[in-house]
Amino acid sequence: MILNHTIEALLDRRAVRAYRPEQISEEELTDILLAAKFAPSAMGMQARHFTVVQNKQLISDIVSVAVEDGAKFVPGHVPFYNAPTVIVLSAPESAKYNREDCACAILNIMLAAQAYGLGSCYICSVNDGLRDERIAKRLKLPDHYIPFGCVSVGYPSENAPAPKERRTDDISYVR
Ligand SMILES: Cc1cc2nc3c(=O)[nH]c(=O)nc-3n(C[C@H](O)[C@H](O)[C@H](O)COP(=O)(O)O)c2cc1C
């Protein structure tokens with residue numbers, strides 16, 4: 001296998017679920033968002049929006065509303081893992097590839113965060129909370145955009161566990 005920095009980064013990225021309390025720097029945030037903007041998007045329309053949430057009350061309210069709306073978490077589970085930054089991805093409700101556009105941008109965010117020694121975790125467990133009108137109106141979404149997921153970002157406070165063994169039955173060749 002030919003290893004280079006990009007491949008190494010892809011193999012090394014892990015979901016980080018424990019964060020230090022201090023906020024990420026503005027420079028890191030700016031660069032992460034720039035990387036996110038360069039993610040592929042359907043027809044190059046860039047039809048996705050980034051809402052950077054660094055307000056503890058809003059982060060906590062997202063979880064409370066998600067629970068009110070039926071999200072079930074095991075006792076003690078903190079869905080955002082106390083991350084100081086959460087970036088919510090939204091896209092037009094009517095766009096055919098809205099979910100895909102958001103997912104591509106989230107992956108760029110996670111890889112850019114990793115490049116700066118930050119941790120991140122893709123989080124969909126609170127999507128119902130994000131979409132609830134009480135939260136959606138506080139997220140400054142463009143008109144007719146709905147959230148498709150979010151990503152926590154912060155300085156890791158512990159090492160992520162080793163990756164699971166990779167499956168060996170998930171590649172087919174048609175040649
Ligand atoms: C679409 C999607 C939704 C996810 N939602 C959550 C989530 O709500 N909470 C969470 O802790 N991790 C979530 N994850 C992270 C996965 O659990 C994680 O990527 C997986 O366990 C593999 O670990 P790794 O990222 O370290 O390789 C999500 C990942 C994806 C792709």
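## Reading a sheet and a ligand site

Guide: Let's start with one pair of residues: the bridge partner of Tyr122 in S4 is Val151. Keep in mind that this is a predicted model.

Visitor: Thanks! How many bridges join S3 to strand S4, and how do the two run?

Guide: There are 5 bridges between S3 and S4, residues 145–154, and the two strands run antiparallel.

Visitor: In what order do the 4 strands of the open sheet come?

Guide: Read across the sheet and you meet S1, S2, S4 and then S3, with antiparallel pairing. The edges are held by S1 (49–53) and S3 (119–123); each has a single partner strand, so one side of each is left without a neighbour in the sheet.

Visitor: By how many degrees are neighbouring strands turned against each other?

Guide: On average the turn is 25 degrees, with direction ignored.

Visitor: Now the helices. Which strands does helix H2 touch?

Guide: Helix H2, residues 26–37, packs on the sheet and touches S1, S2 (85–92) and S4. To read its direction, compare it with a strand: H2 makes about 160 degrees with S1. Try helix H4 next: residues 98–115 lie across S1, S2, S3 and S4, and this helix runs at about 10 degrees to S4.

Visitor: Let's move to the ligand. Which residues surround the ligand?

Guide: Look for Arg13, Arg14, Ala15, Arg17, Tyr81, Cys121, Tyr122, Ile123, Cys124 and Ser125. Tyr122, which you met with its bridge partner Val151, is one of the residues around the ligand. The shell divides into 6 nonpolar, 1 polar and 3 charged residues.

Visitor: What lies 2.4 Å from an oxygen atom of the ligand?

Guide: That is a polar side-chain atom of Tyr81. You can read two other pairs in a similar way. An N or O atom in the side chain of Arg17 is 2.8 Å from a ligand oxygen atom. For Ala15, a backbone N or O atom lies 2.7 Å from an oxygen atom of the ligand.

Visitor: And what percentage of the ligand's accessible area does the protein cover?

Guide: The ligand on its own has 620 Å² of accessible area, and the protein covers 59% of it.

Methods. Residues numbered from 1 in each chain as written. Predicted model: local features only at pLDDT ≥ 70, side-chain atom pairs only at ≥ 80, totals over all residues. Heavy atoms only, no water. Near = heavy atom within 4 Å. Polar contact = N/O pair within 3.5 Å; in protein donor to acceptor, adjacent residues only side chain to side chain. Areas by Shrake-Rupley, 256 points an atom, 1.4 Å probe, with all protein chains shown as cover. Nonpolar A, V, L, I, M, F, W, Y, C, P; charged D, E, K, R; others polar. Pairing = 2+ DSSP bridges. Axes fitted to C-alpha atoms, helices over the stretch in contact; angles between N-to-C directions. Contact = heavy atoms within 4.5 Å.
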